[in-house]
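Please open the model in your viewer and keep the sequence panel beside it. The stops below follow one another, each with something to select.

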Amino acid sequence: VNEALESRCAKVRALHRPFDELRLHHELEHKPDLLLLTNFDYTLLGSGIVTALNSLKAEELLRPGTAVLPPAARVWAMAVQVLADTGVPIDSSPAEKLLWSPTLRRVCLDEPHARRTLRPLTRPAVVCGFDFRATAPPIKPDKCALELSVVEDGRANAVVFWFEMPLGAGGVVSSAPLAALPAGAAQLGLGQALQYLEPA
């Protein structure tokens, strides 16, 4: 039995390397059977997952049958009004423009501060998806028009988004807040991303 186990284990090799340090017949003895994607952050793509996948495909380092885990991702978003937290009961709308920033910010809608300063104005909706499978075409930038269902009055000055990824028999993992977490999904604990809308 031990010899049989050793024989099977000898055929499995795990390689932990940055994508730009992988070369066929050097670091890679052959094209992998499994590609495990781990470089995700609260924005989904901010750690370079698209660059890595597109590079591996361009270098033809993946077989059509290479299993990619997770194989896909779906992004949800909702419009919010970011309120200035002045600590006193006054109209803080003049200060809201001072909050604007072009960079993404990490927020956690499960924390009391976020619940006090981020006011949801629309229902969450699926805004885009990504196909990470080996046979999928390279991922490229794209634009599309979105329609969000309004649930509260207010000034939409930002968008909050999160993502979910299927893991096959392992279920679904998601960066959604608890109120929007799919039934049975595991929360990643990364928080959500906030993108300010440019002031008018």
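Is Glu60 buried or exposed? Select Glu60 in this predicted model, in the loop between H2 and E2, and you will find that it counts as exposed because its relative accessibility is 55%, where over 50% is required. The backbone is worth a look here as well, since phi of Glu60 is near 55°, a positive value in a residue other than glycine.

Next, select Leu44, which lies in the loop between strand E1 (34-36) and helix H2 (49-58). Leu44 also has a positive phi, of about 80°, although it is not a glycine. Its relative accessible area is 1%, so Leu44 is buried, the limit being under 20%.

From Leu44, widen the selection to the interior. The largest nonpolar core has 24 residues, and Leu44 is listed among those with the most contacts inside it, together with Leu35, Leu37, Phe40, Val75, Phe132 and Met165. The elements that give two or more residues to this core are H2, E3, strand E6 (125-131) and strand E7 (158-166), and H2 gives the most, with 4 residues. If you centre the view on Phe40 and leave aside residues up to four places away in sequence, you will see that Phe40 touches Ser47, Ile49, Pro70, Phe132 and Met165. A second, separate core of 13 residues can be selected afterwards, and it includes Met78, Val80, Val82 and Leu118.

Pro70, one of the contacts of Phe40, makes a good next stop. Pro70 is found in the loop between strand E2 (67-69) and strand E3 (72-82), and a cis peptide bond, with omega about 0°, joins Leu69 and Pro70.

Stay with Leu69 and add Leu34 and Leu36 to the selection, for these three residues form a nonpolar patch on the surface, with about 270 Å² of accessible area together. Leu36, which is found in strand E1, counts as exposed at 53% relative accessibility.

Now turn to the charged side chains. Side chains of opposite charge can pair when their charged atoms come close. The count comes to 4 salt bridges, and three of them can be visited in turn.

- Select Asp33 and Arg63, whose closest N and O atoms are 2.6 Å apart in a salt bridge. The pair links distant parts of the chain, with Asp33 in the loop between helix H1 (2-9) and E1 and Arg63 in the loop between H2 and E2, 30 residues apart. Asp33 is partly exposed at 49%, and Arg63 is partly exposed at 29%.
- Select Glu152 and Arg119, where the N to O distance of the salt bridge is 3.8 Å. Glu152 is in the loop between E6 and E7 and Arg119 in strand E5 (residues 118-120), so that this pair, too, links distant parts of the chain, 33 residues apart.
- Select Asp131 and Arg133, whose side chains meet in a salt bridge at 2.7 Å, N to O. Asp131 is partly exposed at 29% relative accessibility, and Arg133 is partly exposed at 45%.

Finish at Ser174, in strand E8 (residues 172-174), which is buried with a relative accessible area of 0%. A polar atom of the Ser174 side chain lies 3.0 Å from the backbone nitrogen of Ala176. Not counting residues up to four places away in sequence, Ser174 touches several others, including Trp162, Phe163, Leu181 and Gln187.

Notes: Residues numbered from 1 in each chain as written. Predicted model: local features only at pLDDT ≥ 70, side-chain atom pairs only at ≥ 80, totals over all residues. Heavy atoms only, no water. Buried < 20%, exposed > 50% of the residue type's maximum accessible area, 1.4 Å probe, protein only. Polar contact = N/O pair within 3.5 Å; in protein donor to acceptor, adjacent residues only side chain to side chain. Contact = heavy atoms within 4.5 Å. Patch = residues over 30% accessible without salt bridge, like charges linked within 9 Å, V, L, I, M, F, W, Y side chains within 5 Å. Areas by Shrake-Rupley, 256 points an atom, 1.4 Å probe, with all protein chains shown as cover. Core = buried A, V, L, I, M, F, W, Y, C linked by side-chain atoms within 4.5 Å.
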